[in-house]
Amino acid sequence: MSHLESTVFATLRKTGIRFYILFGVLAALVVWGVFAYIYQLIEGLGVTGLSRPVYWGIYLTNFVFFIGISHAGTLISAILRVTQANWRRSITRIAEAVTVFALCVGGLQILIDMGRPDRILNMIFYGRYQSVFLWDLTCIGIYFMSSITYLYLPMIPDFARMRDKLTDIARWRKWLYTLAALGWKGNHEQHRRLEIAIAIMAIAIIPIAVSVHTVVSWIFGMTVQPMWHSTIFGPYFVVGAIFSGIATLFIAMAIMRKVLRLEAWLTDKQFDYLGLLLLVMSAFWCYFTFAEYLTTVYSALTHEMHVADAKLYGEYAWAFWLMVFCNAVVPFAILTRRAGRTVMGTVIASVFINIGMWLERFTIVAPTLTRPSLAFEHAIYQPSWVEISITVGSLALFALLFVIFFKLFPSLAIWEVEEGIEIEERNRINKQLSLEDLRAMEKA
Amino acid sequence: MARWTMAIDLDKCLGCQACTVACRMENNTPIAGPEQAEKGRAILWNEVIPFVEGEYPNVTARYIPRPCMHCDDPLCVKVCPVKATYKNEEGTVLVDYERCIGCRFCTVACPYTVRYFNWHEPYYPESLKAHLNPDVPIRPKGVVEKCTFCVQRLQRARAKAEAEGRVFLASDYVPACVQTCTGRARYFGDLDDPTSLVSQLLKSPRAFRLLEELGTKPKVFYLREG
Amino acid sequence: METLYWLINTQTLGGLVVVIVFGVVVTLYFFMLRWIVAGANVADDGDT
């Protein structure tokens, strides 16, 4: 058994006390969130800090945030696959898992935000396509199914390997792996077909992912509310999504690298290259933000200025400027230097970026609603303990799903990483051979 | 088919809020209580909004009574995912309380913020319970509601005309706020009838609509002060 | 124009679109998986 295989299988074989502690803490937070939700279900949305006209608050913020995070994965993994970046091999599994779980938690936020969750199926029974919510349902649904498939496909050979080699595990797990391996034999033809399927999925998922965050932004863009009604929102949201997605991927990678001892495969190279990508996304984000705010403030339409004032100098100024600090200042300060693009550096930047991107979503959702066009007294919005509990519970749920998943399934695409090592080996030998040829020629 | 329209003469409006109270009694809007009202959760289908401009001693206060605008191009209808809010054939925008999923997309899309949400189970003090209007359904927790131009009065007026064996006239139908208005500032009628009072008033140079530039084409219009 | 508005404004039609799209996608992915599984029964060419 290779070093790679034994390292990856180690966590699947043995479960230490640390796992149970982590599991317990996360589960407790989730239970607390569920408790808060049940309370809200019984009492009504009056237990939140929402009011008229601030009808949407941090549930919608969370929705946009989690759907944004989901872009980490699949999109990054797809782009890297399509461009045949060899260093992607050890991070695609983690990235794809981030996507699937972020989508689960993101979708849940809409259910949590609904006044009548018992009538959710009305969206199908009475669905009318002019509503942006139907577009969201379509795109997020397709994205969810595609991400699961895209996560699953490269796992099939790994399932077969676990089926064959992990003999000392519980019976239900053996049964699970056997079932999920779909009778994988790993012959040449099957490998060829798998590679084709993965290649098709990688290409198809890019437009799907872009469509998802575009229609999410259109929930706001299609209204006439000041500072929501903006044509830039589609691309702005997509860029922000990829930005926060990569940041989340960094945090997940760093933790798994340490806990599961994957240092040999999640190397400085991955952190360096992805760090550059993160920096590029930060630059994009800065550009979009600057363009959006300058256009608003320069033309200074009355209703838009009420909102812009609230964000730039008013009661949301703390959130706005903290967002600028987190999304622009910190990434540029850390990631522009090679010495900053280490595991530590990228993780620090990523934590700031995730906070910053959550604030970005918040400063888009809330301030506009506190300043309706038909000017009456400005409203204030203060999230209640219920909303905060559910938010914390949602974050914990995201982490919990992640932890459970990687307790049961390998953290790297073993066969893909092996293939990558082979390719590198071959390249090295080829290079050596050609060098020897050269020398031989020189001698002759 | 009629197209029901309301005109409000701001010269005649006293800001007495009798319309707000009449609307509440007619339409069974639940009582929020002072604490919830403070949070901005009072449900007042017909709110009188004060606009105070300037600083002492040069202050002007104006009042704009604000029912639902019953737009011809309603943004709330556009965004509703389940067609719980819809424009009926007479141009009135209504809500199906049995279908609404409480997503509040309509409430954030409406630029006039005329739509209200039931944050809690509706509450009525004992003294009020005996006086609830049997023609208007009580809205459950978690759905959106708003001014209906007292559509139940239209139905009743039609039924009454039919029972009496006569033709239904536009003047048979009057919403509660119009009927109550102390200063007789409100007019109601059929916009499709060029001879109706509202059609005549709309030609006045004083006539204007709220946020006209948004292109929602409200069917509530105002007559400017002055 | 009228027909277009009818299409997007009619209740249930939107739900139907969602159901059909989901159905097509799931079916596609199902057949893709079956195609991969079936690859196990194809004899390898000599060149591997």
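This report describes the chain contacts, a sheet, the largest nonpolar core and one helix residue of a predicted model.

**Contacts between chains**

Chain A meets both of the other chains discussed here. Its contact with chain C involves 25 residues of chain A and 27 residues of chain C. On the chain A side, helix 5 (122-125), helix 6 (132-152) and helix 9 (188-221) each contribute at least two residues. Helix 6 of chain A gives the largest share of that side, seven residues.

In the contact between chains B and A, 35 residues of chain B face 33 residues of chain A. Here the elements of chain B that supply two or more residues are helix 3 (75-79), helix 4 (105-109) and strand 6 (116-117). The largest share of the chain B side, four residues, belongs to helix 4 of chain B. The table gives the make-up of the two sides by residue class.

| Side | Nonpolar | Polar | Charged |
|---|---|---|---|
| Chain A, touching chain C | twelve residues | nine residues | four residues |
| Chain B, touching chain A | 21 residues | six residues | eight residues |

**The open sheet of chain B**

Chain B holds an open sheet of four strands, ordered 8-1-10-9, with mixed pairing. Strand 8 (186-190) and strand 9 lie at the edges; each has a single partner strand, so one side of each lacks a neighbour in the sheet.

Strand 10 (residues 220-223) takes part in both a parallel and an antiparallel pairing. With strand 1 (residues 4-9) of chain B, strand 10 runs parallel, and four bridges join the two. In this pairing Ala7(B) is opposite Phe221(B) of strand 10. With strand 9 (residues 207-208) of chain B, strand 10 pairs in the antiparallel sense over two bridges. There Ala207(B) is opposite Leu223(B) of strand 10.

The side chains of strand 10 of chain B alternate in direction: Val220(B) and Tyr222(B) point one way, Phe221(B) and Leu223(B) the other, and all are buried. Phe221(B), opposite Ala7(B), and Leu223(B), opposite Ala207(B), thus point the same way from the strand.

**The largest nonpolar core**

In soluble globular proteins, nonpolar side chains tend to be buried together. The largest nonpolar core of this model has 188 residues, and Val98(A), Ile246(A) and Leu249(A) have the most contacts inside it. Helix 10 (residues 233-259) of chain A provides the largest share of this core, 15 residues.

Leaving aside residues up to four places away in sequence, Val98(A) touches Ile69(A), Ala72(A), Gly73(A), Thr248(A), Leu249(A) and Ala252(A). One of these partners, Leu249(A), is itself among the core residues with the most contacts.

**Tyr29(C), a helix residue that touches chain A**

Tyr29(C) lies in helix 2 (residues 13-38) of chain C. Beyond residues up to four places away in sequence, Tyr29(C) touches Met145(A) and Thr149(A). Tyr29(C) is classed as partly exposed because 19 other C-beta atoms lie within 10 Å, whereas a buried residue has 20 or more. Between the C-alpha atoms of Tyr29(C) and Thr10(C), which are 19 residues apart along the chain, the separation is 30 Å.

Technical notes. Residues are numbered from 1 along each chain as its sequence is written. Chains are lettered from A and ligands numbered from 1 in the order in which they are written. This is a predicted model: local features need pLDDT of at least 70, side-chain atom pairs count only at pLDDT 80 or more; totals for chains, interfaces and linings use all residues. Two residues are in contact if their C-beta atoms, placed from the backbone, lie within 7 Å. Ala, Val, Leu, Ile, Met, Phe, Trp, Tyr, Cys and Pro count as nonpolar, Asp, Glu, Lys and Arg as charged, and the others, Gly among them, as polar. A residue is buried if 20 or more other C-beta atoms lie within 10 Å of its own, exposed if 12 or fewer, and partly exposed in between; C-beta atoms are placed from the backbone. Two strands pair if DSSP finds at least two bridges between them. A nonpolar core is a set of buried Ala, Val, Leu, Ile, Met, Phe, Trp, Tyr and Cys residues joined through C-beta atoms within 7 Å.
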